[in-house]
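Grab a pencil and open the model next to these exercises. Try each task yourself before you read the solution.

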Amino acid sequence: MKTNTKSKSAALWEDRSKLVSSGSAAYSSLVLEKGLGAKVWDVDGKEYLDFAGGIGALNVGHCHPKVVAALREQAGKLLHTSFHVAAYENYLDVCRELIAVAPWQGPKKAILFNSGSEAIENAVKFARGYTKRRTVIAFDNAFHGRTLLCLALDGKHKPLRQGLGAMPPDVHHARYPYSYRPPVGVPASELTAHCLESLENLFRVSAAAEDVAAIIVEPVQGEGGFIVPTPGFLKGLRTLCDKHGIVLIVDEVQTGFGRTGEMFAIEHDGVAPDLMVVAKSLCGGMPLSGVVGRTEIMDSVATGAIGGTYGGNPMACAAALAVFKIMKEEKLVAAGKKIGETVKKRFDGFRDKYSFVGDSRGLGAMRAIELVTDKKSKTPLPAAKVKDILHACEDRGLIVIKAGVHDNVIRTLMPLVISDADLKRGLDILDDAFGSFKL
Ligand SMILES: Cc1ncc(COP(=O)(O)O)c(C=O)c1O
């Protein structure tokens with residue numbers, strides 16, 4: 001007799017297709033039930049190593065026992081007041097921690113939100129309120145989120161803005177130094193100067209510097225494909241902002257909390273931003289984001305102009321305080337550096353071994369490889385072929401996700417609590433999937 005062999009995962013995936021808007025991206029076809037550290041299990045009991053970490057939100061790993069304990073304790077005390085109605089202590093403690101770790105000197109304040117996009121929107125509001133200017137400059141390949149202003153800031157049109165009509169005005173894009181794909185005729189040694197000059201050109205052509213409220217930049221581009229800027233670029237932005245009275249907003253949503261081997265990626269360059277946006281790994285899997293910045297900017301907008309019902313919810317704050325403790329106790333910044341060294345060695349090896357691995361790059365544990373049809377033309381490997389590789393990884397028990405304007409970059413965002421053995425096993429799986437891939 002024929003039995004119905006459809007797995008629970010497959011059945012639930014069908015439900016996903018029926019019930020959830022097709023506008024929601026699907027990086028895999030997994031339906032997960034539980035997770036611990038760097039491992040997860042699907043609803044059919046299959047185990048996976050997780051190199052995606054909830055898109056970089058899980059530097060402390062899945063269900064860290066101390067995060068879970070903090071949530072359990074908080075759940076019995078206070079779930080919600082709305083910070084506007086009544087303050088509570090753990091919101092203040094998270095702000096205290098953020099101000100303490102923000103990597104620059106001087107008086108600072110903080111405020112909390114729910115998502116990265118929401119914090120980005122509000123950082124721009126602070127910059128506009130402070131400067132009384134309206135224009136914002138972002139970069140090619142940037143990703144800052146999916147709310148309307150964030151969409152306008154994003155440096156990738158399809159599919160993000162595709163068919164969605166008019167975007168908020170007064171947003172311009174300048175060139176980010178992408179050293180694997182420099183503009184034709186620009187040698188590597190001149191890429192920093194070229195990109196900074198593209199900003200000066202933008203000031204001349206389409207956005208007068210004195211109208212610019214903010215320049216917003218990822219210190220390593222995340223969704224754009226883990227693009228590490230060329231030396232001197234971020235310092236150059238600081239100089240330009242100082243020259244023209246522009247607020248420098250650094251988006252550490254994906255790069256923060258040890259991912260790059262420093263607490264924040266901007267520390268590699270020793271650049272002091274005016275405002276820093278944090279989210280993702282701030283909170284061990286709970287929704288929480290924040291802006292920390294110079295007090296005079298943070299106090300420049302009308303009371304009531306910033307906030308929301310749930311921002312800095314007590315549950316999320318309890319989890320974030322546990323995350324700050326775990327980061328110190330388990331030395332996760334140092335772990336980010338060490339993991340990065342291991343992954344770099346293997347990825348550089350893949351570049352030498354496989355004709356379709358064009359570039360190996362990154363900072364700390366934020367590492368990526370860019371896939372091409374051949375190394376000379378650097379033609380991006382078609383997205384469908386990249387998907388084949390990702391599925392081959394999935395079949396072998398590894399979750400890993402793509403990035404890049406051409407969707408041809410494979411990136412690593414594994415929890416920083418991953419064991420050496422699991423890290424090696426995950427990299428071996430990737431190697432095996434590459435080995436079985438046919439161009
Ligand atoms: C650098 C960066 N900024 C902002 C965001 C938006 O964050 P969220 O998805 O929480 O709105 C993301 C999300 O991936 C991000 O990587």
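A nonpolar core is a set of buried Ala, Val, Leu, Ile, Met, Phe, Trp, Tyr and Cys residues joined through side-chain atoms within 4.5 Å. Keep in mind that this is a predicted model.

**Exercise 1: the core**

Task: Find which residues touch the most other members of the largest nonpolar core, and work out why this core lies between the two domains.

Solution:
- Step 1. Start with the members: the largest nonpolar core holds 124 residues, and L237, I249, V291 and F434 touch the most other members.
- Step 2. Next, look for the top contributor, which is helix α10 (residues 314-329) with 10 residues.
- Step 3. Now bring in the domains. Domain 1 (8-60 + 331-435) and domain 2 (69-329) each supply residues to this core, so it lies between them.
- Step 4. Zoom in on V291. Skipping neighbours within four places in sequence, its contacts include K109, F113, F126, L275 and M298.
- Step 5. Don't miss the other core, which lies apart from the big one and has 9 residues, including V220, F226, V409 and L413.

**Exercise 2: two domains**

Task: Say how far apart the centres of the domains lie and how many residues each domain puts into the contact.

Solution:
- Step 1. Between the C-alpha centres of domain 1 and domain 2 you should get 25 Å.
- Step 2. Count the contact residues on each side: 39 from domain 1 and 35 from domain 2.

**Exercise 3: buried or exposed?**

Task: Decide whether S198 is buried or exposed, then do likewise for Q105.

Solution:
- Step 1. Locate S198 in helix α7 (residues 191-205).
- Step 2. Apply the cut-off: buried means under 20% relative accessible area. S198 has 19%, so it is buried.
- Step 3. See what S198 touches: beyond residues up to four places away in sequence, that's A174 and R175.
- Step 4. Check its polar partners. The S198 side chain comes to 3.3 Å from the backbone nitrogen of R175, and a polar atom of that side chain lies 2.9 Å from the backbone oxygen of C195.
- Step 5. Move to Q105, in the loop between α4 (89-101) and β4 (108-113). Exposed means over 50%; Q105 has a relative accessibility of 73%, so it counts as exposed.
- Step 6. For a sense of distance, pair Q105 with R346: they are 241 residues apart along the chain, and their C-alpha atoms are separated by 38 Å.

**Exercise 4: a helix with a ruler**

Task: Check whether the span of helix α12 (residues 383-395) agrees or disagrees with the expected one.

Solution:
- Step 1. Multiply 1.5 Å by one less than the number of residues. For the 13 residues of α12 that should give 18 Å.
- Step 2. Compare: the end C-alpha atoms of α12 are 18 Å apart, which agrees.
- Step 3. List the buried residues of α12: V386, I389, L390, A392, C393 and E394. Their packing partners include β3 (47-50), β12 (366-371) and α13 (420-435).
- Step 4. Look just past the helix. α12 is followed by G397, with a positive phi near 95 degrees.

**Exercise 5: the ligand**

Task: Find which residues surround the ligand, then look up its polar distances.

Solution:
- Step 1. Among the residues around the ligand are S115, F143, H144, E218, E223 and K280.
- Step 2. Take the oxygen atoms of the ligand. One lies 2.5 Å from a polar side-chain atom of S117, and an N or O atom in the side chain of Q254 is 2.8 Å from an oxygen atom of the ligand.
- Step 3. Finish with nitrogen: a nitrogen atom of the ligand is 2.6 Å from an N or O atom in the D251 side chain.

Methods:
Residues are numbered from 1 along each chain as its sequence is written. This is a predicted model: local features need pLDDT of at least 70, side-chain atom pairs count only at pLDDT 80 or more; totals for chains, interfaces and linings use all residues. Side-chain values use heavy atoms; hydrogens and water are left out. Buried means under 20% relative accessible area, exposed over 50%, partly exposed in between (1.4 Å probe, protein chains only). Helices (H or I, at least four residues) and strands (E, at least two) are DSSP runs, numbered from the N terminus. Domain bounds come from an automatic or database domain assignment. Contact means heavy atoms within 4.5 Å. A polar contact is a pair of N or O atoms within 3.5 Å; within protein, one must be able to donate a hydrogen and the other to accept it, and residues adjacent in sequence count only if both atoms are side-chain atoms. A residue is near a molecule or strand if one of its heavy atoms lies within 4 Å of it.
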